[in-house]
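Reader: I'd like to go through this model with you. Can we start with how the helices sit against the sheet?
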Amino acid sequence: MSESETPLPSPSSADQAPETTEQTPEPASPPRPGPKPPVPSPKVLAGKRPTAALLPAAPPVAEYDEESLAAAKTFGSVAEDGTVTVQDGTQVRTIGTTTESDHDQALAPYARAYLDLVAFLDLTQKKLTAPQHTQNELNRLLENLRKNMKEPQVVGDIPALRARAHELREQAKGKIQELEAQRAQARAEATRRRTEFVESIEALVATDPEQISWKNAGETMRGMVPTWKQMQNEDVSLDRSTEDALWKRLSAARSTFDRMRRRFFSQLDQKHTEAATIKEELITRAEAMQDSTDWGPTVRAFKDLMQEWREAPRGSRKKDDAQWKRFKSAQDRFFTARNADLEKTEAVQRENLAVKEALLVEAESIDPAKDIEAAKETLRSIQERWEAAGKVPRSDMRRIEERLRSIERSVKKAEEDEWRRTDPRTRARVEGASSQLHSAIASYEEALDKARAGGDPERIAEAEAALEARKEWLAVIERSARELG
């Protein structure tokens, strides 16, 4: 126990201070380099003086102030039988006995003990003004105040000492409350930090297994316990119940994570097996078609296979890559052969295109107006050679077909015009219609003359309209008659 932690002994507690048989004369006013002398018991006052310190909690002083000693002595008295008493507030309390005949000398050690208590309170107040304290230090200060101020065996203004000691106790208690509040806040912050850590682990465990990055999650879970221990070592300690509850949550989350991971990878292995089986069947079908020369249906079949492959479940990366390599190899083998055949076919079709373009030049030179029968014969020959030429590239097909259709339409129209021109029935119909229109026109001209003579505007307008219509019809028929020759 340090000096500041040592309780003050009573001046009359001779059994608490070792005695010495050596007597030394007391100097008048020497400086005191060491601890203050103890308050002597009646036995010591009779001739023996202890050498142990009275108040090791108070700093040593050079000497006691005589004025302060005198003021302190006024609170004490010595009875005829040597009983020493002190005025302690409203009561007179016995604090010891003495054989000293000089009452002033008899009260001196008790007065010095009082001043030592004052020095002790001064030292306590100085310590309370320090910028930082631990709660243990403040508890020791409170304990020393309690012990030293419990029925002090001193002479002096004891109520004033108690009032001051009470103020110091309240200061110490206030500082303890501040420390407790700081600790409570620090503990609350530590609880918040650890709770957030626990919640982050629980949130990870609550994530959809399909959305978890299992590699990162595994590293997080492996670092969970070291992180928790680091927080325990570096952060403020939590109360046992809170820490146990949080650790139980962490432990439960870890157990749930382990079960979830085992279940996920078990199901994943099953899915990979199913995916490998499905894709193996697709590979078998692809390899069965890889040498087919039935290009059109096989191309469509491979497109369907490719769609099924895209819709198939994913397997393990290594297995998927190996199976895809086999599937694509069969596919590439077929399309390589097909493309080679297409290139050969396209070369032939380009030659066919040159033949048909030459036939178009020949066909476009036909003039059906000169000789329709010769034109028709030439066109039939061109059409036969056209069919015999074979297929042309798809990109040119529409262009050349349209040119040939145009020539065919021209010859067809010329043929129809010639038929109408030479058909006797058509000529008879034209001539009959012309004769009827001439008669009608003559009749409407006569009607128009009568209307004009009558002066009726409405009849004149009707006659003029009817006459004009017949003349137009006659012009059309006469034009057709000219075309018929």
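Author: Helix 3 (residues 103-128) lies across strand 1, strand 2 and strand 3, and runs at about 135° to strand 1. Helices (H or I, at least four residues) and strands (E, at least two) are DSSP runs numbered from the N terminus. Axes are lines fitted to C-alpha atoms, for helices over the stretch in contact, and angles run from 0 to 180 degrees between N-to-C directions.

Reader: Which strands does helix 5 touch?
Author: Helix 5 packs on the sheet and touches strand 2 and strand 3, its direction making about 55° with that of strand 2. Contact means heavy atoms within 4.5 Å.

Reader: Before going on, what are the ground rules?
Author: This is a predicted model, where local features need pLDDT of at least 70, side-chain atom pairs count only at pLDDT 80 or more, and totals for chains, interfaces and linings use all residues. Residues are numbered from 1 along each chain as its sequence is written, and side-chain values use heavy atoms, with hydrogens and water left out.

Reader: OK, the sheet. What is the strand order?
Author: The order is 1-2-3, in an open sheet of 3 strands with antiparallel pairing. Strands pair if DSSP finds at least two bridges between them.

Reader: Which strands are at the edges?
Author: Strand 1 (76-78) and strand 3; each has a single partner strand, so one side of each is left without a neighbour in the sheet. On average, neighbouring strands are turned by 25° against each other, direction ignored.

Reader: How many bridges join strand 1 to strand 2?
Author: There are 3 bridges, and the two strands run antiparallel. Gly 76 stands opposite Val 86 in strand 2.

Reader: And what about strand 2 and strand 3?
Author: Strand 2 (residues 83-88) and strand 3 (residues 91-97) pair in the antiparallel sense over 6 bridges, with Thr 85 opposite Thr 94. They form a hairpin with 2 residues between them, and Gly 89 in the turn has a positive phi of about 70°.

Reader: Switching topic. How do helix 4 and helix 5 cross?
Author: The axes of helix 4 (residues 135-148) and helix 5 (residues 158-206) come within 10 Å and cross at roughly 160°. The two helices are therefore roughly antiparallel to each other (the label applies to angles over 145 degrees).

Reader: What does UniProt place at residues 162-196?
Author: The unreviewed UniProt entry places a "coiled-coil region" there; such annotations may be inferred rather than shown by experiment. In the model, residues 162-196 are 100% helix and 0% strand, with the end C-alpha atoms 50 Å apart.

Note on methods
Angles under 35 degrees count as roughly parallel, over 145 as roughly antiparallel, 65 to 115 as roughly perpendicular and the rest as oblique.
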